[in-house]
Amino acid sequence: MILDLPKPSRDPGAEVKRTLRREVNFGCPVRDPGGSGCGCPILTYHHFDPPWAGHFRHDPEGMIALCPLHHEQADGGAWTIQQLREFKRNPYVDSVLKCRWPWTAEKLVVQAGPNL
């Protein structure tokens with residue numbers, strides 16, 4: 001008999017999210033090679049040490065808050081574990097709000113009543 005165990009939620013929960021947002025000063029900590037940074041306040045939560053797949057843990061030491069664009073790049077291996085840890089230690093936050101919205105007109109769907 002095969003048991004269907006429930007899959008753990010990828011949502012790290014409010015306390016872990018709060019911790020991760022604080023450590024990056026409430027903005028995406030990624031710096032570009034030229035020195036400018038992202039700082040986008042729309043944050044998602046990336047599991048990097050260990051990765052989510054196969055481990056299913058929400059350990060803030062091995063996670064980082066990133067904007068959706070940089071999270072996607074991190075999932076693709078854009079940065080090493082050491083680089084992600086450096087982002088956590090020295091987050092970039094600019095005094096000017098910059099943001100790449102995680103949607104485009106082609107991806108945006110609006111529901112008004114029963115209609116999409």
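## A walk from Asp 49 into the core

Start by selecting Asp 49 and Arg 85: their side chains meet in a salt bridge, 2.5 Å from N to O (a side-chain nitrogen of Lys or Arg within 4 Å of a carboxyl oxygen of Asp or Glu). Asp 49 sits in the loop between S1 and S2 and Arg 85 in helix H3, so this pair ties together parts that are 36 residues apart in sequence. At 31% relative accessibility, Asp 49 counts as partly exposed, and Arg 85 is partly exposed too, at 25% (buried is under 20% relative accessible area, exposed over 50%, partly exposed in between, with a 1.4 Å probe and protein chains only).

Before going further, a word on what is on your screen. This is a predicted model, in which local features need pLDDT of at least 70 and side-chain atom pairs count only at pLDDT 80 or more, while totals for chains, interfaces and linings use all residues. Residues are numbered from 1 along each chain as its sequence is written, and side-chain values use heavy atoms, leaving out hydrogens and water.

**The overall layout**

Switch to a cartoon view. You will find three helices and two strands, running α-β-β-α-α from the N terminus on (DSSP runs numbered from the N terminus: helices are H or I with at least four residues, strands E with at least two). Of the 116 residues in the protein, 29% are buried.

**Helix H3**

Now select residues 81-89, helix H3, where Leu 84, Phe 87 and Lys 88 are buried. Look down the axis of H3: the buried residues fall within an arc of 100°, so they line one face of the helix (the arc is that of the directions from the helix axis to the C-beta atoms). On the other side of H3, pick out Gln 82 and Arg 89, which are exposed.

What do the buried residues of H3 pack against? Show helix H1 (14-23), strand S1 (44-47) and strand S2 (63-66), and you have their partners (contact means heavy atoms within 4.5 Å).

Stay on H3 for another charged pair: the side chains of Glu 86 and Arg 89 form a salt bridge at 3.0 Å, N to O. These two are three residues apart in H3, separated by about one helical turn. Glu 86 is partly exposed, with a relative accessible area of 36%, whereas Arg 89 is exposed at 55%.

**The aromatic pair**

Keep Phe 87 and add Trp 79; both are buried. The structure holds one aromatic pair. The ring centres of Trp 79 and Phe 87 are 5.7 Å apart and the planes stand at 80°, so the pair is edge-to-face (rings of Phe, Tyr and Trp, the last by its six-membered ring, pair with centres within 6.5 Å; planes under 30 degrees apart are stacked, over 60 edge-to-face, the rest tilted).

**The strands and the core**

Next, select S1 and S2. They pair in the antiparallel sense over four bridges (pairing needs at least two DSSP bridges). His 46 has Ile 64 of S2 as its bridge partner. Along S2, Met 63 and Ala 65 point one way while Ile 64 and Leu 66 point the other way, and all are buried.

Centre the view on Ile 64. Together with Cys 28, Ile 64 touches the most other members of the largest nonpolar core, which has 19 residues (buried Ala, Val, Leu, Ile, Met, Phe, Trp, Tyr and Cys joined through side-chain atoms within 4.5 Å). H1, S2 and H3 are the elements that give two or more residues to this core, and S2 gives the most, with four. Leaving aside residues up to four places away in sequence, the contacts of Ile 64 include Leu 20, Val 24, Pro 29, Tyr 45, Leu 84 and Phe 87.

**Helix H2**

Move to residues 68-75, helix H2, and colour its buried residues His 70, His 71 and Ala 74. They cover an arc of only 105° around the axis, which puts them on the same side of H2. S1 and S2 are among what covers these buried residues. Turn to the other side of H2 to meet Glu 72 and Asp 75, both exposed. Just after H2, check Gly 77, which takes a positive phi of about 90°.

**Last stop: Lys 17**

How many salt bridges does a search of the whole structure find? It finds five, and one of them joins the side chains of Lys 17 and Asp 11 at 3.0 Å, N to O. Lys 17 is partly exposed at 22% relative accessibility, and Asp 11 is partly exposed with a relative accessible area of 43%.
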